[in-house]
Amino acid sequence: MLRSLVAYKPGCSVAFAGPVAVRWRSVQAQPASDVDPEWANALPYEKIPRPGVLKMLRGFAPGGRYYDVNIMELHRRFRADYGNLVIFPGAFGRKDTVVSYSPDDYQKLFRSEGPWPNRRGLDTFMHYRNEVRPDVFKGMGGLVNEQGENWHHFRTIVNPVMLQPKTVRLYVDKLDEVSRDFMGIIRNLRDDKNELPGDFNQWLNRWALEMIGVLALDTRFGVLEKDISQDSSDMIKYVREVFELTYQLDVLPSVWKYYKTPAFKRLMNVLDELTR
């Protein structure tokens, strides 16, 4: 999935050199040896292609170019319309978001953004963790949603554990077991043409959920079984709903920050079910 980049960061500017290169850079003077040669030719932020807010809203309305498409098709159309670098204009409480479709840009960005990066996360998750269930999450947004110094602090805590080869080795056999079970399921699902059924995506979701259970909780959920428990069935349904609802609320235009829409209320309920 393409990672979206928050377009504004206090004390920083955003620019691009040529048609695609994205760069965070401190406004303070930099040593000459530390300045990328492309920076001398960088164009101002205002030159990045972008739709107007009203044009974008019309595009997402029924009959619009971006109406009722999945996230991959949405990005394909934005790339076709605006090129390899585009701004998703901020609206309804969101900041502008700069999206690049050039992989090289992300390498440059990650190498130059410093130890306190600011990358757009999921605002609905932050709202749930900080406003709805602070009793559970204690103000921690996690690696995906934390920003700046908080992200750096959290990453400093988990890195010594998660990046140690000896820690990885503890999970190799368990993850291999899950993958072998999944390969057996694939063999059984193939038809006489050696093709998989149209709903195979649900099995991919189950496999991913089973892997997460092993990594995060050191347990098997049992969602790869042919006959699964009601709790496992509910978990699969809730995880699928989370993806669908966060796309509606965090990617598509939504007024949930001003008015709690039915989709927002449903997401909060689903997250409650997964948190209990």
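Which hand does the crossing of α4 and α11 have, left-handed or right-handed? The legends below take this up in a predicted model, where local features need pLDDT of at least 70, side-chain atom pairs count only at pLDDT 80 or more, and totals for chains, interfaces and linings use all residues. Residues are numbered from 1 along each chain as its sequence is written, and side-chain values use heavy atoms, leaving out hydrogens and water.

**View 1. Helices α4 and α11 cross in a right-handed way.** Look for α4 at residues 123-132 and α11 at residues 262-275; their axes come within 11 Å and cross at roughly 65 degrees. Axes are lines fitted to C-alpha atoms, for helices over the stretch in contact, with angles from 0 to 180 degrees between N-to-C directions. Right-handed means the near helix is turned clockwise from the far one by less than a right angle. Helices here are DSSP runs (H or I, at least four residues), and strands are E runs of at least two, numbered from the N terminus.

**View 2. Side by side, α4 and α11 share a contact (heavy atoms within 4.5 Å).** From α4 come T124, F125, H127, Y128 and V132, while α11 brings F264, L267, M268, L271, D272 and T275.

**View 3. D250 of helix α10 (residues 230-251) meets T124.** Their side chains make a polar contact at 2.4 Å (a pair of N or O atoms within 3.5 Å, one able to donate a hydrogen and the other to accept it; residues adjacent in sequence count only if both atoms are side-chain atoms). D250 counts as buried because its relative accessibility is 4% (buried is under 20% relative accessible area, exposed over 50%, partly exposed in between, with a 1.4 Å probe and protein chains only).
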